[in-house]
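User: Please guide me through this structure by means of questions and reasoned answers.

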Amino acid sequence: MNEFVQYRREFHKYPENGWSEIRTSARIAEILTGMGYRCLMGPDAVNIDSVGKFVRPDEKLQKENMERAVRQGANPEFVEKTKGWPGVVAELDTGREGPVTAFRFDIDCLPYDEPQQAGYRPYEEGYASCNAESDHACGHDAHTAMGLGIASELQQKKDQLRGKIRLLFQPAEETFNGAQSMIDKGHLDDVENFIAMHVALSAENRPLPSHTICCGCKDFLSDRQIDVHFEGRAAHPCGAAQEGKNALLAACSAALNIHAIAPHEEGLCRVNVGELHAGIAINTIAPNALMKIEYRGQTATIASYVGERVFDILDGTAKAYDLTYTYDDYGEVPAGKSDDAMMEIIERAAKKIPWFETIYFEGNVGGTDDAAAMINKVQSNGGIGTYVGIGTDTTQPVHNPEFDLDEECIPAAVELCMNALEEIHGIK
């Protein structure tokens with residue numbers, strides 16, 4: 001078995017949710033250090049002031065994460081270097097004048113319980129998650145392994161390259177502030193070329209199987225998430241119903257109207273009420289409700305449109321039911337677009353690899369990834385970037401607890417990136 005496939009299985013077995021990826025970060029840094037890299041970790045890798053209060057780990061959680069990392073086999077020296085904050089940055093500086101290229105590899109998992117059942121390969125072969133409510137159901141374990149594979153190949157070929165290649169192992173893609181924390185730390189300030197990869201994307205709106213690739217995507221959606229707290233008034237539903245202000249009904253009305261927001265002619269527009277919690281007792285008019293909302297747009301104009309409609313509905317609902325609301329704003333991940341120039345480099349790189357039998361120039365994200373924030377930053381520098389879809393057969397779609405993948409995609413992705421680097425950084 002390829003050693004980087006073995007690493008993928010190790011990270012799969014010990015998954016960690018956003019802003020808790022301490023074992024993951026420590027192992028990445030330990031492996032990279034063994035290859036000869038000097039790693040930036042913790043507050044040197046991420047700007048901790050960029051981490052919003054709703055996702056920010058407190059000292060108790062950080063201590064628990066560090067203790068768990070050591071129990072699960074991480075080197076205590078590298079765990080200590082995290083200072084409780086995940087993320088790793090490593091760089092190959094060839095010492096020769098040339099461009100600066102950055103790769104992003106996301107390292108967090110999703111808050112699911114992975115199945116422990118016969119017939120499911122991770123369970124059968126001993127690498128199913130051992131952490132509760134933690135599951136690599138989106139392929140980030142494979143992305144991490146790809147990053148380590150590229151790091152290894154770079155050391156073997158550094159005498160054939162020029163410029164600098166920076167490897168960003170980013171926390172918290174599935175939550176908030178992961179990419180932005182690395183941007184705010186300055187790791188993209190001098191970057192001219194940017195590449196991120198993700199398994200199991202789509203092309204022509206169909207999933208990419210093994211032996212396929214899309215060279216970039218242009219349909220990123222922004223994503224903003226808010227928690228809405230409706231505050232009504234409790235009362236007996238028979239004795240004094242007129243005194244009550246029903247927060248449960250208000251939330252239900254708002255949810256239905258939010259899902260009825262009209263699409264926008266200029267591009268993709270998505271809304272979703274993912275959670276609703278309300279009430280205190282069966283014989284009491286519900287005095288409170290919590291509703292979790294996200295909305296997405298393909299452009300800033302669309303995002304602004306849907307946001308205005310969401311808050312129009314919230315304002316109208318509060319007035320109709322004579323109650324008030326407050327909200328917690330988690331922030332927004334921006335939309336973005338890959339550049340044709342970088343997509344063309346990826347296309348030429350893929351054509352050299354027999355494993356990629358079908359090459360799509362443009363694919364589909366079908367949602368949001370904060371790699372878009374990094375692409376936007378590099379583009380603001382005058383640089384170019386892309387978000388590559390690596391095809392792989394899967395057991396289930398991404399974000400399904402039973403997701404597993406064809407691990408042959410890992411060495412293929414490593415070879416792809418090395419071919420691209422040969423074109424960008426090769427000595428001329």
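The questions and answers below concern a predicted model.

User: In what order do the strands of the open sheet of 8 strands lie, and which are the edge strands?

Analyst: The pairing in this open sheet is mixed, and its order is β1-β2-β4-β3-β5-β14-β8-β13. From one strand to the next, the twist averages 20 degrees. An edge strand pairs on one side only, and the edge strands here are β1 (39-41) and β13 (358-360).

User: Which residue of β5 stands opposite R104?

Analyst: Strand β3 covers residues 100-106 and strand β5 covers residues 193-199; the two run parallel and are joined by 4 bridges. Opposite R104 in β5 stands A196.

User: At about what angle to β3 does α12 run?

Analyst: Helix α12 lies across several strands, namely β3, β4 (164-170), β5, β8 (212-214) and β14. Its angle to β3 is about 165 degrees.

User: Is L405 buried or exposed?

Analyst: L405 is located in the loop between β14 (384-390) and α12 (409-425). Leaving aside neighbours within four places in sequence, L405 is in contact with R8, R121, G139, A142, V199, T392, D393 and T394. A residue under 20% relative accessible area counts as buried. Because the relative accessibility of L405 is 4%, L405 is buried.

User: How many Å apart in space are L405 and R121, C-alpha to C-alpha?

Analyst: R121 is one of the residues in contact with L405. In sequence, L405 and R121 are 284 residues apart, but in space their C-alpha to C-alpha separation is 9.8 Å.

User: How many nonpolar, polar and charged residues does the contact of α1 with α6 have?

Analyst: Helix α1 (residues 3-13) packs against helix α6 (residues 140-157) at an angle of about 145 degrees, and their axes are 8 Å apart. The crossing of α1 past α6 is right-handed. From α1, the contact uses F4, Y7, R8, F11 and H12, while α6 supplies D141, A142, T144, A145, L148, G149 and S152. By class, this contact of α1 with α6 has 6 nonpolar, 4 polar and 2 charged residues.

User: Why does C109 form no bond with C138, and how many disulfides does the structure hold?

Analyst: C109 is buried, because its relative accessibility is 3%. Its closest cysteine sulfur, in C138, is 11 Å from the sulfur of C109, so the distance is too far for a bond. The sulfur of C269 is likewise too far for a bond, because the closest cysteine sulfur, in C217, is 20 Å away. The number of disulfides in the structure is 0.

How values were computed. Residues are numbered from 1 along each chain as its sequence is written. This is a predicted model: local features need pLDDT of at least 70, side-chain atom pairs count only at pLDDT 80 or more; totals for chains, interfaces and linings use all residues. Side-chain values use heavy atoms; hydrogens and water are left out. Buried means under 20% relative accessible area, exposed over 50%, partly exposed in between (1.4 Å probe, protein chains only). Contact means heavy atoms within 4.5 Å. A disulfide is a pair of cysteine sulfur atoms within 2.5 Å. Two strands pair if DSSP finds at least two bridges between them. Axes are lines fitted to C-alpha atoms, for helices over the stretch in contact, and angles run from 0 to 180 degrees between N-to-C directions. A crossing is left-handed if the near helix is turned anticlockwise from the far one by less than a right angle, and right-handed if clockwise. Ala, Val, Leu, Ile, Met, Phe, Trp, Tyr, Cys and Pro count as nonpolar, Asp, Glu, Lys and Arg as charged, and the others, Gly among them, as polar.
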